[in-house]
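The following note concerns helix packing and the nonpolar core. It is set out as numbered points for a colleague's consideration.

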Amino acid sequence: HAIPFDSAIALHKFLGVTALVFSVGHVVAHIFDILNTTNKSNYEKWVTATGSEQQVTVKAFMTSQVGITGLLLVLIIFVAYPFALCAKLCNYFKGYSTFLCTHHLFYLFLLIVCIHPWPS
């Protein structure tokens, strides 16, 4: 079966990897979006699309509430996923307790995901 519904651990790993793949895709899409939006050669398109004369900068994106929460989400992913997916890494850093501590970061991840899309 493509989705392991009969095994709780296998399903948990499958859902985790699926969330990782979609998160990486989401981040890559935002990187391209920010690069296109802040590109000075797209100024005319920006004015036409938004009606605003002031084009947004990368700094404005990154210091907004959505930008800060997005960066925190990426940071949690980069810390937690290697420990969740690589047993050798957990064994190097004192085993299961490291895995468990970094896995608890996903509670913080879920909280930040809830506030991430709220407008400032």
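**Helix packing and core**

1. Helices α1 and α4 cross with left-handed geometry. The model in which this crossing appears is a predicted one. Helix α1 covers residues 8-38, and the axes of α1 and α4 come within 12 Å of each other, crossing at roughly 150 degrees. Because angles over 145 degrees count as roughly antiparallel, α1 and α4 are therefore described as roughly antiparallel to each other.

2. The residues that make up this helix pairing can be listed on either side. From α1, G16, V17, A19, L20, S23 and V27 take part, and they meet V74, I77, Y81 and L85 of α4. Three of these names, L20, I77 and Y81, return in the core described next.

3. The largest nonpolar core comprises nine residues, namely L20, L73, I76, I77, A80, Y81, F106, F109 and I112. Two or more residues come from each of α4 (65-85) and α7 (105-115). The greatest contribution is that of α4, which supplies five residues. In soluble globular proteins, nonpolar side chains tend to be buried together.

4. Within this core, A80 deserves a separate remark. Once its neighbours within four places in sequence are set aside, A80 is in contact with T102, L105 and F106. Of these partners, F106 is itself listed in the core.

5. How many aromatic pairs does the structure hold? There are two. One of them joins Y81 and F106 in an edge-to-face arrangement, with 5.3 Å from centre to centre and 85 degrees between the planes. This pair connects distant parts of the chain, as Y81 lies in helix α4 and F106 in helix α7, 25 residues apart.

6. Are the two rings of that pair buried or exposed? The threshold for burial is a relative accessible area under 20%. Y81 has a relative accessibility of 11% and so counts as buried; F106, with a relative accessible area of 17%, is buried as well.

7. The other pair is formed by F106 and F109, also edge-to-face, at 6.1 Å centre to centre and with 70 degrees between the planes. F106 and F109 are separated by about one helical turn, because they stand three residues apart in helix α7. F109 has a relative accessible area of 14% and is therefore buried.

8. Taken together, the ring pairs link Y81, F106 and F109 into a cluster. Each of these three residues is also listed in the largest nonpolar core. Y81 is further among the α4 residues that meet α1.

Methods:
Residues numbered from 1 in each chain as written. Predicted model: local features only at pLDDT ≥ 70, side-chain atom pairs only at ≥ 80, totals over all residues. Heavy atoms only, no water. Core = buried A, V, L, I, M, F, W, Y, C linked by side-chain atoms within 4.5 Å. Buried < 20%, exposed > 50% of the residue type's maximum accessible area, 1.4 Å probe, protein only. Helix = DSSP H or I, 4+ residues; strand = E, 2+ residues; numbered from the N terminus. Contact = heavy atoms within 4.5 Å. Phe/Tyr/Trp six-rings, centres within 6.5 Å; stacked < 30°, edge-to-face > 60°. Axes fitted to C-alpha atoms, helices over the stretch in contact; angles between N-to-C directions. Parallel < 35°, antiparallel > 145°, perpendicular 65-115°, else oblique. Left-handed = near helix turned anticlockwise from the far one by under 90°.
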